[in-house]
Structure formats: structure tokens, C-alpha cells
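Colleague: I've got the model open and want to go through the labels people put on it. Can you walk me through how each one is earned?

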Amino acid sequence: MRILTTLLAIFVLVTMAAFKNNKTLTVTSYAFTNNGNIPVKYTCLGQAASPPLSIGNIPEGAKSLAVIVDDPDAPIKPPTPAAPRATKNKHKKTATTKHPKTGTETPPVYFTHWLIWNIDVDGGTIPENFKNDNEGTNSAQQVGYIGICPPTGTHHYRFKVYALDTKLNISKSSDKAALEKVMQGHILAWGELDGVFNKTYR
């Protein structure tokens, strides 16, 4: 019983420590509000520039920021090396897939508009149309930001910012999966700003 109590206490302490370190960044923009309409300037109908972002609550020890912008309304089917079977999910718009041999589910992959890392944490701002030498390959197979451009209807766009305890050393050819993999174990905090755009009702 004493061993069980000790193990439980250790588990609680570890959980509290993990929660304490999992702070949330505040991500805002003077260009649009959370869940608000993204101005045409930042889309394929305008200048296709990346919008300005302000990041607050950056934790001590953060060495760099990384940004991932994707469109959850534009799912991309994951690779099918062994023809995974699609399984319906009543609670989500998109379906997951199960590998025929392992049976494990693969989460849906969404169209990625921007991957960028090794952004300086000083000031907590990412200017409009920001560029650096550490931008990954988006879903259009281009390096850098690609303007928001929903094919039909209203799409939602997630501007996710991560505070890391290190700077990353990865290739520009890196895609979203590669960036997420190399960030594992280095994320001190993260936050998200969402926006919407419809080419007809903008």
C-alpha cells in the first residue's frame, strides 16, 4: 500500500510539473480578431502576404518561435503505401485511416500554408509578410507562405505558434510532419489564432 501511495504521489508531481510547463501563448493580430474574417490582403486575391502576429506570455527559457499555418477545412489524404482503409467518424468532418496491417489510425493531414521556425523571441512580434532563412515547404510544394485561397465556401485557418527551448537545424525541404517531429520535446508553450475567409463573401 505504501508503494502504491508513493507511486501515486510521484505521478501527481510529474503531472503537475508537465502542466506547469505547458503554458499557453497568446496569439493576436491587429489585422483580424480570433475567428474573424482575414483581410483580402493576406489571400490569393490580394498580396498573398503573411499577416502580422503578436505573441504574448512567452515563457522564460524560450530560444525561438515556430509557426504552422494550416486549413482544417482542406484535408489532404495521407500517403497510402499499403492502401489504408478509410473509416467514417461521426464526430468529425474528415475521416481517419487505418493501416491494414497495424490497425493504427492515422490522423488527417491538412493543407499547410506556412512553416517557419527559428524566429527571434525578442519583442514577441512577427511582422507582416515576414520571411527568414528557415521556412519549410508548404502543401503547394513551395518554400514560404502561400496566400489563403479556399476553393469554395468558408474555410478556417489556424495560425499556431510554438515557443521552443532551442533553435532548430532542419532543411528547407522539411514539411509539416518533419517540423512537428523535430519540435517534440522542445515545446515550452504554444497558442493559436484562428481566422476565416470566403472568396465570395469577403
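**How the labels are earned**

Modeller: Let's start with Asp-70, which is buried, with a relative accessible area of 0%. Keep in mind that this is a predicted model.

Colleague: What makes Asp-70 count as buried?

Modeller: The cut-off for buried is under 20% relative accessible area. Asp-70 has 0%, so the label applies. This residue sits in strand S5.

Colleague: Which residues does Asp-70 touch, leaving aside its neighbours within four places in sequence?

Modeller: Asp-70 is in contact with Tyr-110, Phe-111, Thr-112, His-113, His-156, Tyr-157, Arg-158, Lys-160 and Lys-176.

Colleague: How do you know that the side chains of Asp-70 and Arg-158 make a polar contact?

Modeller: The limit is 3.5 Å between N or O atoms, with one able to donate a hydrogen and the other to accept it. The side chains of Asp-70 and Arg-158 come in at 2.9 Å, and those of Asp-70 and Lys-160 at 3.1 Å. Both pairs are listed as polar contacts.

Colleague: And Lys-160, is that one buried or exposed?

Modeller: Buried: its relative accessibility is 7%, and the cut-off is under 20%. Lys-160 lies in strand S11. Leaving aside neighbours within four places in sequence, its contacts include Ala-66, Val-67, Ile-68, Trp-190, Gly-191 and Glu-192. Lys-176 is also in contact with Lys-160, and it turns up in the list for Asp-70 too.

Colleague: Why are S5 and S11 called paired?

Modeller: Two strands pair if there are at least two bridges between them. S5 (residues 64-76) and S11 have 7 bridges and run antiparallel, so by that rule they pair. One place to look is Ala-66, which stands opposite Tyr-162 in S11.

Colleague: How many bridges join S5 to S9?

Modeller: There are 8, and these two strands are antiparallel as well. Here Ile-76 stands opposite Val-109 in S9. S9 covers residues 109-119, and 9 of its 11 residues are buried, so "mostly covered" is a fair way to put it, with buried meaning under 20% relative accessible area.

Colleague: What makes S2 and S10 edge strands?

Modeller: Each of them pairs on one side only. They belong to an open sheet of 3 strands, in the order S2-S4-S10 with antiparallel pairing. S2 is 26-28 and S10 is 125-126. Between S2 and S4 (residues 53-56) there are 3 bridges, and Thr-28 stands opposite Ser-54 in S4.

Colleague: How do you know that Cys-44 and Cys-149 form a disulfide?

Modeller: The sulfur atoms have to be within 2.5 Å, and S to S here is 2.2 Å. The structure holds 1 disulfide, and this is the pair. The link is right-handed, with 70° about the S-S bond.

Colleague: Why would you say that this pair ties together parts 105 residues apart in sequence?

Modeller: Because Cys-44 lies in the loop between S3 (36-37) and S4, while Cys-149 lies in the loop between S10 and S11 (155-164).

Colleague: What makes the two cysteines partly exposed?

Modeller: Partly exposed is what lies between the 20% and 50% cut-offs. Cys-44 has a relative accessible area of 32% and Cys-149 has 33%, so both get that label.

Colleague: Now zoom out. What are the overall numbers?

Modeller: The protein has 2 helices and 12 strands, running α-β-β-β-β-β-β-β-β-β-β-β-α-β from the N terminus on. Of the 202 residues, 38% are buried. About 12100 Å² is exposed, with carbon and sulfur atoms supplying 56% of it. For contacts with a separation of 6 or more, 74% are between residues 24 or more positions apart.

Colleague: Where is the pLDDT below 50?

Modeller: The average pLDDT is 82, and 72% of the residues score at least 70. Residues 4-21 are below 50, and beyond near neighbours in sequence that stretch has 1 contact in the model. Residues 82-102 are below 50 too, with 33 contacts counted the same way. Where pLDDT is low, the predicted coordinates should not be read in detail.

Methods. Residues are numbered from 1 along each chain as its sequence is written. This is a predicted model: local features need pLDDT of at least 70, side-chain atom pairs count only at pLDDT 80 or more; totals for chains, interfaces and linings use all residues. Side-chain values use heavy atoms; hydrogens and water are left out. Helices (H or I, at least four residues) and strands (E, at least two) are DSSP runs, numbered from the N terminus. pLDDT is the predictor's confidence in each residue, from 0 to 100. Contact means heavy atoms within 4.5 Å. Buried means under 20% relative accessible area, exposed over 50%, partly exposed in between (1.4 Å probe, protein chains only). Accessible areas come from the Shrake-Rupley method with a 1.4 Å probe; for residues, only the protein chains shown count as cover.
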